[in-house]
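Reader: Could you give me a close look at the aromatic side chains in this one? I'd like to know what sits around the rings, too.

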Amino acid sequence: AARMGLPALGLLLTAGLLHTQASPSARSFQLDYEHNCFLKDGAPFRYISGSIHYARVPRPAWRDRLLKMYMSGLSAVQVYIPWNYHETLPGVYDFTGNRDVEAFLDLTAELGLLVILRPGPYICAEWEMGGLPAWLLWKPDIILRTSNPAYLAAVDSWLHVLLPKIKPRLYHRGGNIISVQVENEYGSYYACDHGYLRHLLGTFRALLGREVLLFTTDSTGAQELRCGTLQGLYATIDFGPGSNVTEAFGAQRRVEPRGPLVSLAWELSSSPGDSFHAYARAHSSGSCPPHCTAASLGVGSMPWTVPEPLPWPGADYKGQYKPVTTSYDYDAPLSEAGDPTEKLFAIRTVISKFQPLPAGPMPPATPKYAYGWVALRKVSAHPEGRTAPAWHCSAAQHPSLSLQYADLLDVLDVLCPSGPIQSQFPLTFEALKQVHGFVVYHTQLPWDVPDPATLGAPPHSICDRGYVMLQKEYQGTLERDGQTTLQVTGRAGDSLDILMENMGRISFGANTSDFKGLLGNLSLNSRPLNNWLIYPLAIDNAVQQGWPHTALPTSSSGDRVGPAFYTGTFETPGIAWDTFVKFPGWSKGLLWINGFNLGRYWSCRGPQQTLFVPGSVLHVGRPNNITVLELEGAPPTPLLLFLDRPLYNRTLGCSTTATE
């Protein structure tokens, strides 16, 4: 589902469109409008399905997560395909490694799971820009999710690459994909452009054929169902356990008088067994016989997940901008680390009352290890060329270890090798063709400022956080929907730098055209500043290529306030198990281990206090390289703590210094 609170379970009854019944010998997945049922190979069929985001699960863990879903009694999985994850730049496609969606789909088939495919082009999923590529905004007048020609041209180009990979995997062609969703909760979007939906329907039909079952899903409001449905696409709904089931399905019946009653995303409360029983009773007692109750129990679209490298969490907007945490574990039946929870076993018990469970035990939780403390120190502690010691310690120790340190502004030549862009006024990320991450905006004070002056930005022009340095000294932070002014003093010619951070583009609603960077000009006492040098930073690329471990700076300012890099190493004791890393006393920043971006920490805002580290990113028998970009201020003794369990649901308060 695109929008969910606590993800527990989503009940997904997916549907199709064909009015004819298949002969018993033909492979088909269709609707029986006469009996309000699904038909698989001509026979009434019920499936139970859960949602998994392959883009949020490291490829080495795909089999483990899917097998646990299968052993839970699920017979199908929902699979989103994020467009921006695969077409990273216009015409540049990546289906390798963790992005090999064909390999993932083939694995679902190998394990005997059916697939409900959700390829968008918009998916929400609390994913960056709802899966739409940010490079669409390089054309500033584009109108997303409409019949706008520039948008449709990009969509068509993408679908002509993606859907031919899907077609041979459709159920009626011998594969395991039983249905395909078109768009996602389109009725909740302001545009209400039925021409756009008709265009998508034509493209899906042309590329996938007439036999495939296509559907939409929307919330139960009359406006949403009016704008999100289209003749030729079976209309499904989503709702949760707080809803009146009869009223919710009554809304579906107003747009689909016949066919299965379908809730594509249905969340369970904290009592999953009671919630599912209530749902099952509510829609198995109507005119559809028991074998046709295709209640498909989806384990929300929040879940069974692990974070993929950082750029992909999106953001919400409810009166103010709310970035999504790195972790997507909103109380999922399978935890972020793939561990079966009490909720999962409760679900499994309920499923067993409707159909037999697979033979054999549930696979166990993955092993975890508390690797202990890692200390980070200034680069001057280890002269250039000296190798840091390998180590291992218990969590009770504070070892004296290797750290290297460098202010971000001192390494712009590494992070922006192509050099800065000159501009009279600030340019947005999109104008710079910078999709994710950070941009430095550099200028000089044009006059002496002996008394405190107001450095400020126009309303809604800080997107999303700006870290301000004057003469390379950190002054404070400007924030979207928060503080947008600072008091500064200085002399004419003093350097002024603002490091702008993209915290994730809005993934739902009318604000998905979410431009980043400085959207307006900064001013000093209301007088505009100009003559900017703008540095689009490629931090991920540099870290993935081994920086700063392969080319450490030899000196630093020594101040631990403001944006700076810290590095260290640790070795595992002959194993590479999953672990969780905590940031005691740190402020806000990002973590890489062995070049893998593990996401953001922001302890004072919370609620997430640890980042999950999959064992698959760790080395055995050689040092593991840690890189931290701290944006506001590191603790006096910079330490990381590796634990064997996560810490969630905690907010420290931004004036608090954490102690361990």
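Author: Sure, let's start with a charge: the charged end of Arg145 sits over the ring of Tyr189, 4.4 Å from the ring centre. "Over a ring" here asks for NZ of Lys or CZ of Arg within 6 Å of the ring centre and within 35 degrees of the ring normal. Lys588 does this too, lying over the face of Trp602 at 4.8 Å from the ring centre.

A word on the ground rules: this is a predicted model, where local features need pLDDT of at least 70 and side-chain atom pairs count only at pLDDT 80 or more, while totals for chains, interfaces and linings use all residues. Residues are numbered from 1 along each chain as its sequence is written, and side-chain values use heavy atoms, with hydrogens and water left out.

On to ring against ring. The whole structure holds 32 aromatic pairs, counting rings of Phe, Tyr and Trp (its six-membered ring) whose centres lie within 6.5 Å, with planes under 30 degrees apart called stacked, over 60 edge-to-face and the rest tilted. Trp83 and Trp158 are stacked, because their ring centres are 6.2 Å apart and their planes are at 10 degrees. That pair ties together distant parts of the chain, since Trp83 is in helix H2 and Trp158 is in helix H4, 75 residues apart. Helices (H or I, at least four residues) and strands (E, at least two) are DSSP runs numbered from the N terminus. Trp83 is buried at 0% relative accessibility, and Trp158 is buried with 0% as well; buried means under 20% relative accessible area, exposed over 50% and partly exposed in between, using a 1.4 Å probe and protein chains only.

Phe239 and Phe249 make an edge-to-face pair, with centres 5.3 Å apart and planes at 85 degrees. Phe239 belongs to the loop between strand E12 (234-237) and helix H7 (245-255), and Phe249 to H7. Both Phe239 and Phe249 are buried.

There's also a cluster: Tyr54, Trp62, Tyr85, Phe104 and Trp127 group together. Phe104 is one of the buried residues of helix H3 (101-110), along with Val101, Leu105, Leu107 and Thr108. They span an arc of only 155 degrees around the axis, so they are on the same side of H3; the arc is taken from the directions from the helix axis to the C-beta atoms. Their cover includes helices H1 (62-71), H2 (83-86) and H4 (149-166), where contact means heavy atoms within 4.5 Å.
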